[in-house]
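Me: Please take a close look at a single part of this structure and describe how that part is built and what surrounds it.

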Amino acid sequence: MNFDLPDDHELIRRTVRDFAEQEVAPVAEELDRTKAFPYAIVKQLGELGLMGIPFPEEYGGAGADSLAYALAVEELTRVDSSVAITLCAHTSLGTQPIYLFGTEEQKREWLPKLTAGEILGAFGLTEPEAGSDAGNVRTRASLGEDGWTINGTKQFITNAGTDISGVVCITARTGEDEISNLIVPNGTPGYEQGEPYRKMGWNASDTRPLTFEDCVVPEENLLGPRGGGFKQFLHVLDIGRIGVAAMGVGLAQGALDQALAYAKERRAFGKPISKYQAIQGKLADMATEIEAARFLVYKAAWLKDQGRNFTLTAAQAKLKTGRLAVRCAEEAVQIHGGYGYIEEYPVCRMYRDAKILTIGEGTDEVQQMVIARALGA
C-alpha cells in the first residue's frame with residue numbers, strides 16, 4: 001500500500017498551496033471583515049483550471065479526479081474557508097448535477113462556462129421545512145404548454161446571488177409523490193434571489209434565500225428522468241461530503257499551522273510557550289487527529305474514483321473532520337490566548353468558520369444516521 005501522492009496530485013497540492021498563500025492569505029481578513037465576495041480570486045481560480053478540476057477536458061474541465069479535487073479544497077481551506085466553499089459548492093453541488101444527470105445538450109450548454117469559472121453554479125435543495133428531512137420538498141413545478149412553472153422557496157443557498165452566478169439546479173415536487181430536478185438560469189422571470197444572510201462565518205461567500213413565483217423554464221430543463229430527483233440529490237450530497245470533509249481537514253491543518261507558529265514566538269516565563277508540556281500536548285493531539293482524518297477523506301475520494309460505493313466513508317469523513325475542525329480551531333484560539341479573540345489573527349476567523357462544517361452538507365446527526373444504516377443498524 002503506497003501512501004505517497006502521485007506526482008500529478010502533488011503538483012496540484014503545491015500549485016493550490018502557493019496560490020492560497022500568495023493570493024488569498026493577504027486579502028482573507030479584509031474580505032471577511034467587509035463581507036466582500038472574492039471576484040478577483042474566483043477569476044484566478046478559473047484561469048488556473050481549478051473551477052472544473054474533476055470534470056472531463058471535453059467539457060472544459062481539468063480531467064483530474066476526486067482526490068485531486070479534495071487536495072485543492074483542503075489547501076484553500078487551510079488559508080480561507082469562504083474561498084474554499086465558493087469553489088466547493090460550485091463544483092460539488094452546482095456543476096455535478098448537470099454533469100451526472102444532464103443530457104448531452106445540457107452539458108454542452110452549461111459545463112464549459114461552469115468549468116472555466118465564467119459563471120457560478122448553485123444547488124437549490126434546502127427549504128424552510130426540508131433541511132435534514134430533504135425529501136420534504138414543498139417547491140412545486142407543474143408542466144404546461146409553456147414548460148415547467150415553478151413556485152416555492154429555497155434557503156441557505158450558496159453562489160446563487162453573485163454578479164457571476166449563472167444557474168441553479170433545484171429540486172421540486174413534480175407530482176404528489178414525485179421529486180425532480182430542474183435547471184433554472186439566473187435572470188429567468190419569477191426567479192429572485194433574496195438578501196444575503198448575516199452569518200457567523202463564511203462571510204466572504206454568497207449565501208441567501210431564493211424564491212420562485214410563477215417561474216417558467218422550458219420542458220427540456222428537466223434534469224435527468226422525471227421523478228428521479230430524490231436519488232439524484234442523495235448521490236450529489238454524497239459527493240459533496242467529500243469536499244466538505246476536505247474543508248474540515250484543511251481548516252484543522254490551518255489552525256494547527258497558526259497555533260504552532262504562534263507558540264514558537266510567544267514567550268512566557270522566560271521561554272517560548274511551545275516548550276511547555278501543556279501546549280505540546282495540544283499540538284500533538286491536533287497533529288495526530290488531523291493525519292488520521294486526512295486519510296479518511298482521501299479514502300472516500302479514492303473509493304469514488306475507483307467506482308466503488310463511497311457513501312459510508314464519505315459520511316464518516318464528513319462527521320470526523322467537521323468535529324475535528326471545531327476542536328482544532330478552539331485549541332488554536334486557546335493557544336493564542338487573548339490574541340485568539342482578536343479578528344486580526346486568522347484563528348479568530350477559523351473559529352467562526354469551523355462550526356458550519358458540522359451542519360452544512362448534512363448535520364452530524366444525519367451523518368450518524370447514514371453511517372448506522374450503512375452498518376446495518
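Reply: Contact here means heavy atoms within 4.5 Å. The model is a predicted one, and the part chosen is helix 1, residues 7–34.

Helix 1 has 28 residues, and the distance from its first C-alpha to its last is 39 Å, close to the 40 Å expected at 1.5 Å a residue. Helix 1 nevertheless has a kink of about 50 degrees at Val24, shortly before the proline Pro26. After the helix comes Lys35, whose phi is positive, near 55 degrees.

The buried residues of helix 1 are His9, Arg13, Val16, Phe19, Ala20, Val24, Ala28, Leu31 and Asp32. An α-helix has 3.6 residues a turn, so residues three or four places apart point the same way. Val24, where the kink lies, is itself among the buried residues. The cover over this buried set includes helix 2, helix 3, helix 4, helix 7 and helix 9.

Helix 1 also supplies at least two residues to the largest nonpolar core, a group of 69 residues. Within this core, Leu45, Leu76, Leu87, Met247, Val297 and Ile335 have the most contacts. Helix 2, helix 3, helix 4, helix 6, helix 7, helix 8 and helix 9 likewise each supply at least two residues, with helix 6 giving the most, 14 residues. Domain 1 (7–119) and domain 3 (230–375) each contribute at least three residues to this core. Leu87 touches Leu45, Leu50, Met51, Tyr69, Val73 and Leu76, leaving aside residues up to four places away in sequence.

Notes
Residues are numbered from 1 along each chain as its sequence is written. This is a predicted model: local features need pLDDT of at least 70, side-chain atom pairs count only at pLDDT 80 or more; totals for chains, interfaces and linings use all residues. Side-chain values use heavy atoms; hydrogens and water are left out. A nonpolar core is a set of buried Ala, Val, Leu, Ile, Met, Phe, Trp, Tyr and Cys residues joined through side-chain atoms within 4.5 Å. Buried means under 20% relative accessible area, exposed over 50%, partly exposed in between (1.4 Å probe, protein chains only). Helices (H or I, at least four residues) and strands (E, at least two) are DSSP runs, numbered from the N terminus. Domain bounds come from an automatic or database domain assignment. The expected span of a helix is 1.5 Å times one less than its number of residues. The bend at a residue is the angle between axes fitted to the seven residues ending there and the seven starting there.
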